[in-house]
Amino acid sequence: MIDSTALTLQVRISEAILGIALIVHCAPSSDITFRMPERSAPRRAGDLSRQIERAVQATQIDDIHTHLYDPAFGDLLLWGIDDLLVYHYLVAEALRYLPLPFNRFWQLSKTQQADLIWEQLFLQHSPISESCRGILTTLNALGLDTRKRDLNSIRRWFAARKPARHVDEVLDLAGVNTVCMTNSPFDDLERPIWERGFRRHPRFKTALRIDPLLLDWPRSAQRLSEWGYQVSRTLNAKTLGEVRRFLEDWGTRINAGFLMVSLPPNFAFPARTAAAILIEKAVLPHCGDTGRPFALMPGVKRGVNPGLRLAGDGVGLSTLAPLEYLCATYPQHKFAVTALARENQHELCVLARKFRNLHLFGCWWFTNTPSLIGEITRMRTELLGLSFTPQHSDSRVLDQLIYKWRHSRTVIHQVLLEKYQDLEDTGWKVTEAELRRDVQALFGGEFARFCNFNPQSDVPNNPS
Ligand code: FIX
Ligand code: ZN
């Protein structure tokens, strides 16, 4: 029921609007026509949702950060149920329940660890965490019956897979076109394979990872010198020149798309630390010469609980002043950034509005959960439109591509639906071709544009 005061108010408002409309319409110097909001034949919400879903499902993704390896790296490419179960995300969750000293857990074989994790996280408790649910999404998508809860039959199914075919089948099932690896010359298992040379799989791209170089210089100095670079522990001109030669050699050898480092929350720049000096005097000159972007991943506290090994890293709020300084001081350089702390996301968006040499990507690690992907993606669209990359998978096990992208696609679809619905409410109609264009931008197109873009000029370096 509408009471009479409300009715009177409504009539007055309508009259006022009509009055304004007449004034605007009659004003001779204006070509603006004030119209009552009108929605001509609005598309039904269900139709819009289906069109967005089609675009989100059909668009092949370029996954810009994973820890997967080209199949030529043999056992370094992890896949199958046991690797899925011993993923460090699940180890951290299982060891909360397991009444076992950490070192006893690490003494077990991979199969035994996987058995324990399955027992604790899937049988003793319902598998509702994001990482547990991910395994079930993956198995279900591969056609396995999750209702049976039969780990051994799942193992038998994977054992019958041919690895070479499995790679392409998983990429196809995940709707992923290419994955970018994390390539480290400091990894003793990986380095010799690059040195020997191999035939590259066309769907595996490269990024040069330099955490040890920047964050553990004394040890890296020793390694570089073993590899024939004339470096001393002191960061003098000769040493910095040799570090540049090292970056050049490895950037070329692996054909790196960009350089990458993860950083602790208190990373400082400029500063008199080895990391800051190396960035200023070796990494940035290298990026300047080659046009390679530098990807920074701030916010990780390594080894908060070392007994958990890879599962023992934590998160901290980063100071973003160093990033602001980098973007402002090196406008010709390109910085791709994902921050680990939820609380850093808003400041990062604002920073990206100020600096077009800054590209935000992904919901990294502890933020790769449906609720946080939704929140962060919504915030990014509201502040940056479509000029960011909402997600990377960070997969360590091939089959994870299936769930990480299924779950992310679902959330990205929801956010886009809200955003396009808001547009439709104004009368604006997005065509299906425009939807596809926008989703392609989000799923790799925008990152590719950023990589080819010269932030100093008005036109892309490489218009294509
Ligand atoms: O530094 C990184 O690239 C992180 O993604 C990893 O170190 C981390 O262990 C991980 O797998 C997160 O997803
Ligand atoms: Zn990673």
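# Ligand shell, sheets and core

Me: Which residues surround ligand 1?

Reply: Ligand 1 is surrounded by eight positions in the chain, given below as a list. This is a predicted model, in which local features need pLDDT of at least 70, side-chain atom pairs count only at pLDDT 80 or more, and totals for chains, interfaces and linings use all residues. Residues are numbered from 1 along each chain as its sequence is written, while chains are lettered from A and ligands numbered from 1 in the order in which they are written. With a residue taken as near if its C-beta atom, placed from the backbone, lies within 6 Å of the ligand, the shell consists of His-67, Thr-182, Ser-262, Met-297, Leu-310, Trp-365, Asp-394 and Arg-396.

Me: How many residues of each class does the shell around ligand 1 have?

Reply: Ala, Val, Leu, Ile, Met, Phe, Trp, Tyr, Cys and Pro count as nonpolar, Asp, Glu, Lys and Arg as charged, and the others, Gly among them, as polar. Met-297, Leu-310 and Trp-365 are among the surrounding residues, as are Asp-394 and Arg-396. By class, the shell has 3 nonpolar, 3 polar and 2 charged residues.

Me: Is Asp-394 buried or exposed?

Reply: Asp-394, one of the residues around ligand 1, is in the loop between α17 (370–384) and α18 (400–424), helices (H or I, at least four residues) and strands (E, at least two) being DSSP runs numbered from the N terminus. Its phi is positive, about 60°, although Asp-394 is not a glycine. A residue is buried if 20 or more other C-beta atoms, placed from the backbone, lie within 10 Å of its own, exposed if 12 or fewer, and partly exposed in between. Because Asp-394 has 20 C-beta neighbours inside 10 Å, it counts as buried.

Me: Is Arg-149 buried or exposed?

Reply: Arg-149 is another residue other than glycine with a positive phi, in this case near 55°. Arg-149 lies in the loop between α7 (130–141) and α8 (151–159). Since 11 other C-beta atoms are within 10 Å, Arg-149 is exposed.

Me: What is the order of the open sheet of 5 strands?

Reply: Two strands pair if DSSP finds at least two bridges between them, and the pairing in this sheet is parallel. The edges are β4 (208–209) and β10 (358–360), each with a single partner strand, so one side of each is left without a neighbour in the sheet. The order is β4-β5-β6-β9-β10.

Me: How many bridges join β5 to β6?

Reply: On one side, β5 pairs with β4 in the parallel sense over 2 bridges, with Arg-209 opposite Met-260. Met-260 also stands opposite Ala-295 in β6. The strands β5 and β6 run parallel, and the number of bridges joining them is 5.

Me: Which residue in β9 does Ala-295 stand opposite?

Reply: Strand β6 (residues 294–298) and strand β9 (residues 335–337) run parallel and are joined by 3 bridges. In β9, the residue opposite Ala-295 is Ala-336.

Me: Why is β5 largely enclosed by the rest of the structure?

Reply: Leu-259, Val-261 and Leu-263 point one way from β5, and Met-260 and Ser-262 point the other way. Ser-262 is also one of the residues around ligand 1. The strand is largely enclosed because the buried residues of β5 number 5 of the 5.

Me: Which residues point the other way from β6 to Phe-294, Leu-296 and Pro-298?

Reply: In β6, 5 of the 5 residues are buried, so this strand is largely enclosed by the rest of the structure. Phe-294, Leu-296 and Pro-298 point one way. Those pointing the other way are Ala-295 and Met-297.

Me: Which residues have the most contacts inside the largest nonpolar core?

Reply: A nonpolar core is a set of buried Ala, Val, Leu, Ile, Met, Phe, Trp, Tyr and Cys residues joined through C-beta atoms within 7 Å. The largest such core has 106 residues, and its largest share, 9 residues, comes from α18. The residues with the most contacts inside this core are Ile-117 and Leu-259.

Me: What is the bridge partner of Asp-62 in β2?

Reply: An open sheet of 3 strands has parallel pairing in the order β1-β2-β3, with β1 (61–63) and β3 (204–205) as edge strands that each pair on one side only. Within it, β1 and strand β2 (residues 176–180) pair over 3 bridges in the parallel sense. The partner of Asp-62 is Thr-178.

Me: Which peptide bond is cis, with omega near -5°?

Reply: Pro-270 is found in the loop between β5 (259–263) and α14 (274–290). The cis bond, with omega near -5°, runs from Phe-269 to Pro-270.
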